[in-house]
Amino acid sequence: MKQHLLSVRDLKVYFRGRDTVARAVDGVSFDIRKGETVCLVGESGCGKTVSALTILDLIPKPPGEVMAGRVLFKGTDLLGLTEPEMRKIRGKQIAMVFQEPLTSLNPVFTIGDQIREAILVHEPVSPDELNRRCIRLLRDVGIPSPEERLKDYPHQLSGGQRQRVMIAMALACGPDLVIADEPTTALDVTVQAQILNLMQSIQESSEMSVLYITHDLGVVANIADRVYVMYAGIIVEQGTTEEIFSSPGHPYTKGLLASLPSRSRRGEQLHSIPGTVPNPAYKPSGCPFHPRCPTAVDACKVRFPEMIDHGAGHLSRCPVVKQ
Amino acid sequence: MLSFIARSIIQKTITLFFVSVVSFLIIHLAPGEPSQVDPLNPKFTPEMLERFRQEFHLNEPLYAQYIHFYKDLFTGRIVSWKDNRSVLAKIWERFLNSLPLFVVGTLLTWTLSFPVGIRSAIYRGGLYDRSVTFLAYLLISIPGFFFAYILIILVVTTLHVPVIGMETFGLDTSSWGCMLMDRVWHLLIPSILGATGGIAVLSRYVRSQMLEVEGQDYVRTAKAKGLPPDVVHYKHALRNALLPFVTMFGLILPGLIGGSVIIESIFSWPGMGRMAYEAILARDYPIILTVNFISAVLVLAGTFVSDLLYLVVDPRIRL
Amino acid sequence: MRNTQYPITDTQQALEALSAPKKTRLHELWALFRENRLAVIGLVIFVLFLLTAVSGVILTSGQNPVFDPAMVRLQEKLLPPFTRPHLKALQPAQVPTLGIYLFGTDNLGRDVFSRMLQGAWVSLTVGFVAVGISVLVGVFMGGIAGYFGHESICLDHILAILVLSAGAIFLFMGWIGTGAACMAAGFIYTAVCLFARTRTGQAQRRGIFRMRAISVDTVIMRMVDIMLCFPSFFLILTVVALVPASMYNIMIVIGLTSWMGTARFVRAEFLSLREQDFVTAAKALGVGNFRIIFRHMMPNAVAPVLVSATIGIATAILTEAGLSFLGFGVPPPHATWGNILSDGKGFIFDAPWLTFIPGVAILIVVLCFNLFGEGLRDAMNPKLRERG
């Protein structure tokens, strides 16, 4: 068994409102091993992005606040670091790719400026070397004629190319972990596939770990080694990709899987889970999923479910569903 | 690019034409005889009045008067009804007087409001931000003339320096340094007064622009790269927040005339604003119309310049 | 896995019970507004000012006012605030109502307190009426430009307008016969045009008279450009100096020279609202233009207009005070805060209260409008609401 690169333990991140507290992340634990791709899956609003931003200490404070938990990266707790120490981690050891490539790139600087800057903060490099590295990075992420693209502004590139630039920027200092927050959601389906292939090939060649955040189970099936399913700020199920897809242990996972279009169920009506993710300031009592759950019993409304071990690293938070 | 310039020049010329017509109509259709330059003057006999009307084409129909007026304006032959001096020469002389006031005021405004606004955006909600916000509202709300009197009382009673006028009368014999200080004092107080409102408004605007930009995704990206906060704020955020201010740069010019009327009349500063005020009092139509025309030209030139500047600084806009 | 049947009604009920407590929009707005302490203070002062102004106009007007702002007592001039009057030197009618000169007296021995009361009403009405005019004009122009902007004005419209206005000018200049003929021709021409249009329908546009000349939007926005070319305070000053001095003229002039911002804003808002689905849906249902504008679009644009109107009132009060200060304001003997200050400036070292009392009063009232307006803007800013 490989060493844990990152372990998040019992993380709680709350957002203070005027007279409410939104418990966006409410006790989340997960591990990422070296060279592994881990997916965090869930509907929008369930706390995936907040968990990811907390790792790099990027949530806006106030109103955000880390209430409890640890984020252990190579053995040190990132939450205990000072701001200058944290800056040495960001970009250098843990890098991030965001959802919207258009708004995530600064419109008034060239692509070259923005990549060069990402290298220069962490490593003093000579101008020639810097230029060579930028060009190599762009070539690695599959951008044609990188020498010229360096002088382009973000608006001159297509959506897929922008996301490639974001990935190049994330890879600039050879990080150990890349957090990708729905990097393909804003892109066309064909471009999505290209970006996914790119991420996979880069990962294979560089022994890098990836935390991939998505709501798209199709993507998960393609790239993930292990999966964590999040709902309303907690992990409801975790396990290897095969386990999760073949024998889901939580009704929420089942619902997600059932809502995937499938060739074997052609002609049937597509399934959907009724309702929406609860407002993080007004979560239901007991199991947070019980109002939407088809198998809920009375006990679900009062008792918060514990993780049940199904063996081989497959755990789920539902006492009702039996394997 | 060329077609953009050509199009906006044509458009602005048409606008200017309409402005000239509207201002001419406003002045000539308003009740009151333009020939009553000085009805109390006993030397103004009916014969003189008639000659006056003849000389300034006042007996002709409006459109002819309009043509006469703007022909004179463009050939530079236009004269004041009050003292028969060339209007353009008068305006130039007053413009040179107003210029130092305007330059110092503008410099103060632009150099002070940016640091203040940026700082209060970065530390928003803090003590600094809240006190600056309140101070800004106070300065926006205070009537300029009232503030002027407070400052005059303060300066005159505590520092014992004279501030009214452009210089103290009868100082010609004193030393060079003394005269310089005298000029500086006379210039400083009206400039500060002229700048306060601008500083308050502009710093609020800088603050809101900065806040807007700080919430953008690319600022988060910059942080995620591990950049130090100074680079995040002053390079990535500020550069974007500055874009709209480029357009305001072009709009400084018209301020030469508009805002200075009250301050120049309090401080007896013989500038453009005061001249315009005196012209209005005396119903000296050529001066009113010329000042109006020049300020319209300045506004249009200003918007043109700011459009061009925007093209230069924002890489997203290409023609 | 088979398609499980979910008990939808139960789920829906359970979810509704759980979602955030329902608040009306107004309620929510008030909750946000209350957060901003400065804005609440602004609102309180605004209400106090309103009461003062209304009671002021009641107490200082009429034949025998409770407080007489015009009562001259030359023997009692330039007394500082809180002075008791010399009862022996005064006739019974001249004794101030409160038995004390609360704010002192001016150079003619008039009670400054009464004059301030009278001036409060002037500031209030100038602010509200001027902004009322500017908002009406601005919303009208902006609304038309935003909603009907794509419609073009044809040559025949221009011709009709030309003939009609020529007729009006002839009438105005006294040539009644020619004027009446022109007007009549214009009306007949318009009627014929309208009739022809209803007969042939919109589709047919032929002949030089039916050529599209210019769009409504262009006309209105060029008007805005033209108005923006005038330096506003200078323009107001010029017009106020030319027309007979009266409070109403000042209000109208301030109103007519400050509508451009509102017009631009409403136009932009309407342009974006017009593209939205609920408007398309209303059109598809055959709802009339004016009903769409007033029932569906206006409510969406009204909040920001309100904010700019509040701040506009502050500006209008300042402008009026500036005009009064320069001697172009409301004519004497009517007191306004601006002309109290202007009259007092000659005695700035002997009687500073004549400068400071009206100055501070203007400052406080303008400040309260500004704070109130900004508080309202913050409360209505959707971004801030999300964050809260």
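**Exercise 1. Characterise the salt bridge between the side chains of B:Glu278 and B:Arg274, and place both residues in the secondary structure.**

Step 1. In this predicted model, the side chains of B:Glu278 and B:Arg274 form a salt bridge with an N to O distance of 3.4 Å. The criterion is a side-chain nitrogen of Lys or Arg within 4 Å of a carboxyl oxygen of Asp or Glu.

Step 2. Both residues belong to helix H12 (residues 272–282) of chain B and sit four residues apart, about one turn of the helix. Helices (H or I, at least four residues) and strands (E, at least two) are DSSP runs, numbered from the N terminus.

Step 3. Over all chains, the rule yields 29 salt bridges.

Conventions: residues are numbered from 1 along each chain as its sequence is written, and chains are lettered from A in the order in which they are written. This is a predicted model in which local features need pLDDT of at least 70, side-chain atom pairs count only at pLDDT 80 or more, and totals for chains, interfaces and linings use all residues, while side-chain values use heavy atoms, with hydrogens and water left out.

**Exercise 2. Describe the interface of chain C and chain B: how many residues are in contact, and what area is buried?**

Step 1. On the chain C side 40 residues are in contact with 43 residues of chain B, where contact means heavy atoms within 4.5 Å.

Step 2. The two chains bury about 3,800 Å² between them, with 81% of it on carbon and sulfur atoms. Buried area is the accessible area (1.4 Å probe) that two parts lose on being put together, summed over both.

Step 3. C:Cys229, C:Phe234 and C:Leu242 supply 19% of the area that chain C buries against chain B, more than any other three residues.

Step 4. Between chain C and chain B there are zero salt bridges, but four residue pairs are in polar contact, both at pLDDT 80 or more. A polar contact is a pair of N or O atoms within 3.5 Å; within protein, one must be able to donate a hydrogen and the other to accept it, and residues adjacent in sequence count only if both atoms are side-chain atoms.

Step 5. Several helices of chain C each supply at least two residues of the side that touches chain B, among them H7 (216–229) and H12 (289–326). H14(C) gives the most, with 11 residues.

Step 6. By class, this side of chain C has 29 nonpolar, five polar and six charged residues. Ala, Val, Leu, Ile, Met, Phe, Trp, Tyr, Cys and Pro count as nonpolar, Asp, Glu, Lys and Arg as charged, and the others, Gly among them, as polar.

**Exercise 3. State the confidence of chain B, chain C and the complex.**

Step 1. The predictor gives the complex an ipTM of 0.83 and a pTM of 0.81.

Step 2. The mean pLDDT (the predictor's confidence in each residue, from 0 to 100) of chain B is 81, and 88% of its residues reach 70 or more. Among the elements of chain B, helix H2 (residues 46–55) has the lowest mean pLDDT (68) and helix H5 (residues 127–141) the highest (90).

Step 3. For chain C the mean pLDDT is 78, and 84% of its residues reach 70 or more. Residues 1–9 of chain C have pLDDT below 50, and this stretch has 14 contacts in the model beyond near neighbours in sequence. Residues 384–388 of chain C also stay under 50, with 11 contacts beyond four places in sequence.

Step 4. Where pLDDT is low, the predicted coordinates should not be read in detail.
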